[in-house]
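The following exchange examines the reasons behind several structural labels. Each answer sets a computed value against the rule that applies to it.

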Amino acid sequence: MGPLKLALSLLLGCAAGAEPLLAVEGRLGIMGERTVRVHLQGTQYTGMSRQDGRFTIHNVAPGVYTLEVDDAVSMWPQPEVDVGMRQPGLVQVFSTRKEALPYPFELAPLGKMDYFEKREGFNVRGMLMNPMVLTMVFSLFSIFIMPILAKNMDPEALKEIENAQSMLAGSRKKPESVEDKTSKKGSSPGSS
């Protein structure tokens with residue numbers, strides 16, 4: 001007697017002005033032999049597709065929802081589903097561009113899911129632009145090519161470079177210690 005009372009109360013609730021629950025029906029194109037889960041985003045309303053791609057989500061309360069297809073193989077569009085809000089008792093579906101789709105609607109996949117990046121091929125330019133390779137090339141240039149260029153240089157310019165190098169080497173000499181300075185002061189010729 002419990003189920004009879006429940007059915008009777010549901011009928012009386014619908015007759016008393018409660019909003020009717022509707023079913024959302026559609027078809028997923030190019031499915032093959034697999035099934036996927038279809039649900040209305042942010043709700044518990046879900047359905048499973050059949051092998052021919054058709055699906056039904058039962059007992060959906062009035063509202064505007066976004067339909068999602070949970071598929072690990074393909075990407076699907078997410079149309080907007082209006083369940084009895086604009087026109088009571090009717091289900092309307094709008095594409096992502098807000099165009100009305102015929103009901104029951106059909107969705108086609110946007111493409112296959114790519115989970116991995118394609119491996120790049122061998123790139124000589126990329127290898128040569130590596131900082132380690134650039135450092136090695138510069139070192140080899142300065143070791144082997146610079147002496148050859150120095151031999152072909154003008155003798156006056158070569159003397160100027162050698163003078164500049166000797167001046168740098170002289171300024172980099174180790175400073176005298178305090179003991180060396182005091183021993184030099186003590187042995188000067190005027191001190192005895």
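Q: How much area does the chain expose, and what share of it do carbon and sulfur atoms supply?
A: In this predicted model, the exposed area of the chain is about 15100 Å². Carbon and sulfur atoms supply 61% of that area. Of the 192 residues, 21% count as buried.

Q: Of which secondary structure elements is the chain made?
A: The chain contains five helices and eleven strands. Among contacts between residues at least 6 apart in sequence, 50% join residues at least 24 apart.

Q: Why is Ser49 called buried?
A: The label buried requires a relative accessible area under 20%. Ser49 has a relative accessibility of 4%, and therefore counts as buried. Its place is in the loop between strand 3 (46-48) and strand 4.

Q: What makes the approach of the Ser49 side chain to the backbone nitrogen of Val36 a polar contact?
A: A polar contact needs a pair of N or O atoms within 3.5 Å. The side chain of Ser49 reaches the backbone nitrogen of Val36 at 2.9 Å, so the distance satisfies that limit.

Q: Why is the pair Asp70 and Arg37 called a salt bridge?
A: The rule asks for a side-chain nitrogen of Lys or Arg within 4 Å of a carboxyl oxygen of Asp or Glu. The closest N and O atoms of Asp70 and Arg37 are 2.4 Å apart, so the pair qualifies. The bridge links distant parts of the chain: Asp70 lies in strand 5 (residues 63-70) and Arg37 in strand 2 (residues 37-40), 33 residues apart. By this rule the count comes to six salt bridges.

Q: Are Asp70 and Arg37 buried, exposed or partly exposed?
A: Partly exposed is the class between under 20% and over 50%. Asp70, with a relative accessible area of 34%, is therefore partly exposed. Arg37, at 35%, is partly exposed as well.

Q: What makes Asp52 and Arg54 a salt bridge, and how are these residues classed by accessibility?
A: Their side chains meet at 2.6 Å, N to O, and this distance is within 4 Å, so the pair meets the rule. Asp52 is partly exposed at 34% relative accessibility, and Arg54 is partly exposed at 41%.

Q: Why does Glu80 count as buried?
A: The relative accessibility of Glu80 is 19%, which is under 20%, so the residue counts as buried. The side chain of Glu80 meets that of Arg86 in a salt bridge of 3.6 Å, N to O. Salt bridges that share partners join Glu80, Asp82, Arg86 and Lys98 into one network.

Q: How do you know that both faces of strand 7 (residues 80-83) are covered?
A: Glu80 and Asp82 on one side, and Val81 and Val83 on the other, are all buried. Strand 7 pairs in the antiparallel sense with strand 5 over four bridges, in which Val81 is the bridge partner of Tyr65. Strand 7 also pairs antiparallel with strand 8 (residues 91-94) over four bridges, and Glu80 has Phe94 as its bridge partner there.

Q: Why are strand 4 (54-60) and strand 10 (105-107) called edge strands?
A: Three strands form an open sheet in the order 4-1-10, with mixed pairing. Strand 4 and strand 10 each have a single partner strand, so one side of each is left without a neighbour in the sheet. Neighbouring strands of this sheet are turned by 30° against each other on average, direction ignored.

Q: How do you know that strand 1 (residues 22-28) and strand 4 pair?
A: Pairing needs at least two bridges. Five bridges join strand 1 to strand 4, so the condition is met, and the two strands run antiparallel. Gly26 stands opposite Phe55 in strand 4.

Conventions
Residues numbered from 1 in each chain as written. Predicted model: local features only at pLDDT ≥ 70, side-chain atom pairs only at ≥ 80, totals over all residues. Heavy atoms only, no water. Axes fitted to C-alpha atoms, helices over the stretch in contact; angles between N-to-C directions. Buried < 20%, exposed > 50% of the residue type's maximum accessible area, 1.4 Å probe, protein only. Contact = heavy atoms within 4.5 Å. Areas by Shrake-Rupley, 256 points an atom, 1.4 Å probe, with all protein chains shown as cover. Polar contact = N/O pair within 3.5 Å; in protein donor to acceptor, adjacent residues only side chain to side chain.
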